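Reader: Hi! I'm new to this one and would love a quick tour. Could you show it to me before we start?
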Amino acid sequence: MTTVIRQDDLIESVADALQFISYYHPKDFIDAVHEAYQREESQAAKDAMAQILINSRMCAQGHRPICQDTGIVTVFVNIGMDVKFECDQPLDDVINEGVRRAYTHPDNVLRASVLADPDGKRQNTKDNTPAIIHYKMVPGNTVEVHVAAKGGGSEAKSKFAMLNPSDDVVEWVLKMVPQMGAGWCPPGMLGIGIGGTAEKAMELAKESLLDPIDIHDLQARGASNRAEELRLELFEKVNELGIGAQGLGGLTTVLDVKVKDYPTHAANKPVAIIPNCAATRHAHFTLDGTGPSLQTPPSIEDWPEITWEVGENVRRVNLDTVTPEDVKDWQPGETVLLSGKMLTGRDAAHKKMVDMIQNGEELPVDLTGRFIYYVGPVDPVGEEVVGPAGPTTATRMDKFTHTMLEKTGLTGMIGKAERGQVAIDSIKEFGAVYLMAVGGAAYLVSKAIKDAKVVAFEELGMEAIYEFEVEDMPVTVAVDSRGSSVHQTGPVEWHEKIIAAKAV
């Protein structure tokens, strides 16, 4: 029997699913993070997971994005062969209309991050279209749709290799994961695709991340095939690396490892890794011709009641009066609460400023003694002064750091995850400091922002330079003025502790 799927039903279902996943974590993810939080022994990692869980509950209650990076949309569509679409435009356009409506919804505007002409003008499409869409024809008379919103920070850490048939997949993965750093916002999942061709391996890795977190069930029943054997081995060995939440060192780096494989050429072994971050966002729905398929809101009782309290020894800093001399006392791993005025700036703003410096032009803002926050916030709604405003991956600004510190008098930087050695060397040379905010806690961070205004490069949209006024914004000293990086020392310390505990 042929099922007729109406165009508007597909559009409404896609839009509803994308709004839904912007503020609701899947329950299996919340349960997994909570379990990891309860057994975590690293205080820094435990604090980071506490902020992720508190942020998640706040987003569920407030219907605002979990992360300021609301992702590029990926859609997997399984079309029953007994289905007929009642559409007046191509299916890609129908799905993209759903994306457009989701990302421009007035009650919960989502950040548009998609740029056309990627190696040229890099011009924002304004509505986060087009999505990345995969189709498959299957038996049946329904349409199954999986939607995901993938953040750029985690996607940027994807890895691919064409291994030799005799090469060890586990060995390669364990070599790649430390190279990924913390920019993918652990704890999360690793999706691994093996076989097929280069593009098939990447697709398998991405698709595997749609599966529920069930590693503990697999541990209990045991592996029944090679893919499951790899999952178990990699889950244990990746966590033994000690990278931990946000790369600060700890017991849990991955909550699960997924593996999908496909037959391949005798001469090849394509392998791909795609990580999924702490803003895990995906949903599934089925259309059967009876109307749109809308998501069912979870119960707020699904979220644990977590409190995060700042210790007595926390350092409170007034950004309006802090001096370069003051930061010399700050210690790696120390929690700092920031109050006062800070500037913001990401890739595009940094490039414009560095170009202006090299051309002898005066900058539109004075950075002397200031702190700059690497962020591209979501637009505010209602009475908000700014939407969710979590940090972006700091290493993207590494190539600009020496010039910025040398030519502007900048004192400090705030971002997500580790800094590369070139930036660390510059921080040490100029006696600056780098502070880390928790990735995946964007709504929580935004609550510390009391005022926000664009002060330069308004044409860059979310990449414009803002001035934020903050109150008690929590950060961690990640690189001190002497060049000591907690992202280098923390994982080493916790790897040694984990291995020592296993040996007992």
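Author: Happy to. This is a predicted model. Among contacts in the protein chain with a separation of 6 or more, 77% join residues 24 or more positions apart.

Reader: Cool. How many helices and strands does the protein chain have?
Author: The protein chain has 14 helices and 19 strands.

Reader: And what does the C-alpha trace span along its principal axes?
Author: The C-alpha trace spans about 75 × 60 × 45 Å. The radius of gyration is 23 Å, which agrees with the value near 23 Å for a compact globule of 504 residues.

Reader: What share of the residues counts as buried?
Author: Of the 504 residues, 57% count as buried. The chain exposes about 21000 Å², with carbon and sulfur atoms supplying 49% of that area.

Reader: Switching topic: what does UniProt list for residues 12-285?
Author: An unreviewed UniProt entry gives residues 12-285 as "domain: Fe-S hydro-lyase tartrate dehydratase alpha-type catalytic". That stretch is 39% helix and 24% strand, and its end C-alpha atoms are 11 Å apart.

Reader: Let's zoom in on one residue. Where is F400 found?
Author: F400 is found in helix α11, which covers residues 398-408.

Reader: Is F400 buried or exposed, and why?
Author: F400 is buried, because its relative accessible area is 10%, and buried means under 20%.

Reader: Which residues is F400 in contact with, leaving aside neighbours within four places in sequence?
Author: Those are D347, H350, K351 and V354. As for A423, its C-alpha lies 8.5 Å from that of F400, and the two are 23 residues apart in sequence.

Methods: Residues are numbered from 1 along each chain as its sequence is written. This is a predicted model: local features need pLDDT of at least 70, side-chain atom pairs count only at pLDDT 80 or more; totals for chains, interfaces and linings use all residues. Side-chain values use heavy atoms; hydrogens and water are left out. Helices (H or I, at least four residues) and strands (E, at least two) are DSSP runs, numbered from the N terminus. The radius of gyration is taken over C-alpha atoms; the globule rule is 2.2 Å times the number of residues to the power 0.38. Buried means under 20% relative accessible area, exposed over 50%, partly exposed in between (1.4 Å probe, protein chains only). Contact means heavy atoms within 4.5 Å. Accessible areas come from the Shrake-Rupley method with a 1.4 Å probe; for residues, only the protein chains shown count as cover. UniProt positions are given in the numbering used here, feature names are shortened, and annotations may be inferred rather than shown by experiment.
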